[in-house]
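Dear colleague,

I am passing on the structure below, and I would be glad if you could look through it beside the notes that follow.

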Amino acid sequence: MHNIITNINQLDFNKLYTYADYLLWQFEQRVELFKGKISLMSPAPKRIHQSTVINYTLLIGNYLKTKRSECSLFTSPFDVRLIDRNKNVTLGFFSEQSNNEIYTVVQPDICVVCDKSKLDERGCIGAPDLIVEILSEGSVKKDLNIKFRLYEENGVKEYWVADPV
């Protein structure tokens, strides 16, 4: 039986974690998992970042509405669990046991999911169709390099990076 973690200092940053572990974390700091490694998220974004998220959300949302699209639009915080292609995790047959086989959990600023079978009460399982990341001072390297590679490896169809400046 796993224990609830209430302080980020209880974690070992050299250890690999799974989504099952992630679900037990109940501390204030927001984190993502990149192939099992903890990545701290920045504190609350600046106003320009939030304004840019809202503007893109409105533009994409209105576009989807005019097209009568079946796609769903989400903004952070929203967990996207990326599945290692070497693991045998099948959408639609996802179980709690599968949580131990997921090592990547990201919270993109905006994402669009068109395959409803990828959605559950906790977020998205598998690659969204579109991910939008808004750059912040502390996220440029992560968004342009680490997340780009993760999204590419996991089959995200479109990845937009917006610089609000």
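For the charges, Lys and Arg count as positive and Asp and Glu as negative, while His and the chain ends are not counted. On that basis the protein has 20 positive and 21 negative charges, and the mean positions of these two sets lie 3 Å apart. Please keep in mind throughout that this is a predicted model.

As to the overall build, the protein holds three helices and ten strands, and their order along the sequence is α-β-β-α-β-β-β-β-β-β-β-α-β. Taken along the principal axes, the box filled by the C-alpha atoms is roughly 50 × 35 × 25 Å. The radius of gyration is 16 Å, which agrees with the value near 15 Å that a compact globule of 165 residues would have. Of the 165 residues, 44% are buried, and the protein exposes about 9900 Å², of which carbon and sulfur atoms supply 51%. If one takes the contacts between residues at least 6 apart in sequence, 64% of them join residues at least 24 apart.

The cysteines deserve a paragraph of their own. A search of the whole structure finds one disulfide, and this bond joins Cys71 to Cys114, with an S to S distance of 1.9 Å. The link of Cys71 and Cys114 is right-handed, with 100° about the S-S bond. Because Cys71 sits in the loop between helix 2 (47-66) and strand 3 (72-75), and Cys114 in the loop between strand 6 (110-113) and strand 7 (119-120), the pair ties together parts that are 43 residues apart in sequence. Cys114 itself counts as partly exposed, at 33% relative accessibility.

Which cysteine sulfur is nearest to that of Cys111, a residue that is in no disulfide? It is the sulfur of Cys124, 6.1 Å away. Seen from the other side, the closest cysteine sulfur to that of Cys124 is the one in Cys111, and the 6.1 Å between them is too far for a bond, because a disulfide requires the two sulfur atoms to be within 2.5 Å. Both residues are shielded from the surface by the criterion used here: Cys111 is buried, with a relative accessible area of 1%, and Cys124 is buried as well, with a relative accessible area of 0%.

With best regards

Technical notes
Residues are numbered from 1 along each chain as its sequence is written. This is a predicted model: local features need pLDDT of at least 70, side-chain atom pairs count only at pLDDT 80 or more; totals for chains, interfaces and linings use all residues. Side-chain values use heavy atoms; hydrogens and water are left out. Helices (H or I, at least four residues) and strands (E, at least two) are DSSP runs, numbered from the N terminus. Buried means under 20% relative accessible area, exposed over 50%, partly exposed in between (1.4 Å probe, protein chains only). The radius of gyration is taken over C-alpha atoms; the globule rule is 2.2 Å times the number of residues to the power 0.38. Contact means heavy atoms within 4.5 Å. Accessible areas come from the Shrake-Rupley method with a 1.4 Å probe; for residues, only the protein chains shown count as cover. The place of a charge is taken as NZ of Lys, CZ of Arg, CG of Asp or CD of Glu.
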